[in-house]
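The following paragraphs lead the reader through selected features of the model shown here. Please keep the sequence and the structure in view while reading.

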Amino acid sequence: MPLAISLCLLVDNITAFLPTCLPLTSARMRIDGPLHFSTSSPDAESLIAAAQRSLGQNDTEAAFALLAQAHSKNANAPGLLRAFEDVLRTRIRLYDLAIDRLGLGSLLLERESFGEAAVEFQAALNGKLDDPSRERAASSLFRARAAICDWKDYYKDSAALVQTVRSSLASNQLPSVHPYEALMWPCLSIQEAGRIAAQYGARAIACVDKSLPLPQLSPRGTRLRNTGRIRIGYLSNDFTGKHPLGYLMQDVFRFHDSETFDVYIYSLMEYDDSAEIAKIRQAAIGGWRETRTGSAYDAAKIIRADDLDILVDLTIYNGPSLEAEVLAHRVAPVQISHMGFPASSGSPPLIDYIVCDDVTVPPWLQQFYSESFLYMPHSFFANSHRHLPTSNENKENIPSREANGLPENGFLFCGHHRSDKIDPGTFRSWLRALKRVPSSYLWIITAGEEMEYNLLTIAQQEFGLEPNRLIFCDKVPRNDHLRRLRLASLFLDTPAYNAHTTGCDSLVVGVPMVSLLRTAPAPEGEVETEKMPSRVGAGFLKTLCLDELIASSMVEYEDVMVKCATDHEWYHSITERLNQNRHTSPLFDTQRWVRNWEVGLFEVMKRRAHTTDIHVIEW
Ligand SMILES: *[C@@H]1O[C@H](CO)[C@@H](O)[C@H](O)[C@H]1NC(C)=O
């Protein structure tokens with residue numbers, strides 16, 4: 001195999017398990033790994049030193065072989081990634097091959113050097129690449145630029161991305177755009193997202209070795225008929241206090257009715273000692289199982305041995321590829337998808353039902369899902385926000401605006417998002433609203449200097465806004481985040497991929513949110529809201545009876561922003577209603593959510609087949 005190709009594969013190997021998809025901090029956490037995995041092996045270290053000597057002789061082949069060995073000894077050896085980078089840089093100097101630029105870009109991307117990574121991907125695209133590598137470069141370029149809001153070539157990059165995705169779908173190849181990215185990037189339609197997911201599902205199914213034996217499952221419904229009980233399992237790669245899932249679900253499982261439900265939890269994560277996960281473990285009265293080590297087959301054996309009636313998967317493609325492979329082994333008579341991958345799996349053998357509600361999957365969008373639907377009566381979105389210590393604090397605990405570097409007075413628009421959720425059209429509508437409302441400010445989480453520079457440049461050059469109208473802040477620990485969020489006047493939802501966790505954060509502390517939900521196709525170049533993640537925010541607002549804050553076009557979205565900032569009486573009535581409803585609405589009523597969920601699960605158990613939808617009606 002040519003060196004350049006194997007290098008690229010190795011980079012894949014290093015980075016493949018890194019979700020391209022998760023909040024940047026958890027990606028970083030995963031590359032570093034927990035402490036007991038990164039204990040340095042002297043072996044790996046001496047191999048790295050030897051590689052560096054070979055590199056001094058311009059022998060990149062030998063250096064690479066040594067590093068590959070070091071990688072197999074200890075994938076987290078200190079200096080390993082840096083040494084790979086040196087090999088790639090030397091090769092670029094010696095041979096100037098596009099494939100090496102792609103490899104280097106991938107490493108830089110993992111290190112979150114987005115600007116530098118983008119330069120390499122662009123250089124790779126300008127050179128000679130085969131089709132899969134070209135697609136990988138185009139999608140990586142898009143990702144790198146999105147992370148720093150570098151939108152100079154946004155529409156050109158989008159078109160290139162769409163074109164490469166379409167060509168790999170047409171040739172039945174695995175797209176290098178991850179299913180999660182397909183949900184994020186506005187240029188990819190709900191249909192394309194489904195087809196991308198389907199390819200990842202097919203890959204998982206292809207990994208199953210049917211000749212290997214698995215424990216038998218009881219026929220569907222027998223346990224319920226014989227004992228009146230239901231054995232339910234939850235599987236995820238995100239049972240950690242560092243991921244929103246652990247935070248959102250921490251108080252959900254304990255509300256299961258133990259008279260009927262035996263709760264099993266399967267964690268694909270390494271040991272996590274957070275308070276969130278401690279609560280979840282305690283609620284797993286059937287059993288808590290860590291199934292991370294070993295193959296998908298090994299995990300499937302463990303899960304099958306528990307003879308579940310229902311498995312609920314909370315991550316699918318957002319986990320490592322192992323997670324979808326476990327599902328492909330069919331570990332329960334019914335497999336349901338909920339929360340972590342809010343979209344169709346595209347793969348009927350993996351998932352039977354998807355949990356949704358009337359807003360997130362209305363009838364006309366059902367055609368894009370391969371699953372049957374389990375419709376919840378209010379929001380499908382499970383959360384534990386009501387139980388947060390910070391959500392019922394009184395005003396004395398709110399930090400001052402001054403302490404947060406915010407102006408004493410003025411209307412504060414809040415866009416606390418991952419940078420790549422912001423799209424250029426939405427950002428410009430925020431700026432137009434800023435322009436229309438004197439002494440208003442936009443409060444954003446920084447993703448580094450490049451991002452700040454890019455956004456400030458648009459604000460100044462296109463809108464003539466003073467730089468002080470944009471206020472950047474760092475990410476802070478969760479409780480501090482919830483406290484300072486109360487300083488905001490209005491939270492701005494991102495239309496392409498809504499603020500799910502942070503949307504709940506904002507609403508539960510009493511800060512209203514404006515969201516977009518189109519009732520007609522988007523005009524050319526604007527974001528559609530057909531994919532499930534772009535409908536979740538509107539679902540929250542409907543559940544809270546705040547329909548006035550759901551805009552049906554970008555013009556209206558901007559007008560709602562301006563109205564909140566200028567019509568004080570109206571704004572006051574909105575915040576009053578939110579402050580009442582957040583205590584009573586089903587959105588934050590975890591116990592009520594679980595009750596309805598169990599009604600749905602009973603209905604699932606009564607079915608002989610899973611080809612029709614379930615609508616949970618609340619009594
Ligand atoms: C390695 O290659 C560079 C050219 O890129 C050259 O300047 C240098 O002398 C070479 N080193 C050795 C040890 O051959």
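Beyond its neighbours within four places in sequence, Trp 443 is in contact with Leu 406, Leu 412, Phe 413, Cys 414, Gly 415, His 416, Ile 471, Cys 473, Arg 484, Leu 487 and Ala 488. This is a predicted model. Trp 443 belongs to strand β9, which spans residues 440–445, and is buried, its relative accessible area being 0%. One of its contact partners, Gly 415, lies 28 residues away along the chain, yet the C-alpha atoms of the two residues are 5.9 Å apart.

Another of these partners, Cys 414, leads to the cysteines. Cys 414 holds the cysteine sulfur closest to that of Cys 504, but the separation is 15 Å, and Cys 504 therefore cannot form a bond with it. A disulfide would require the two sulfur atoms to be within 2.5 Å. Across the whole structure, the search finds zero disulfides. Cys 504 is buried, with a relative accessible area of 0%, whereas Cys 207 is partly exposed, at 41%.

Elsewhere, eight strands form an open sheet with parallel pairing, in the order β3-β2-β1-β4-β5-β6-β7-β14. Its edges are β3 (287–290) and β14 (614–615), each of which pairs on one side only. Within this sheet, strand β5 (residues 334–337) and strand β6 (residues 353–356) run parallel and are joined by two bridges. Ser 337 stands opposite Ile 354 of β6. Helix α16, formed by residues 321–328, lies across β1 (230–236), β4 (310–313) and β5, and runs at about 155° to β1.

Key
Residues are numbered from 1 along each chain as its sequence is written. This is a predicted model: local features need pLDDT of at least 70, side-chain atom pairs count only at pLDDT 80 or more; totals for chains, interfaces and linings use all residues. Side-chain values use heavy atoms; hydrogens and water are left out. Buried means under 20% relative accessible area, exposed over 50%, partly exposed in between (1.4 Å probe, protein chains only). Helices (H or I, at least four residues) and strands (E, at least two) are DSSP runs, numbered from the N terminus. Contact means heavy atoms within 4.5 Å. Two strands pair if DSSP finds at least two bridges between them. Axes are lines fitted to C-alpha atoms, for helices over the stretch in contact, and angles run from 0 to 180 degrees between N-to-C directions.
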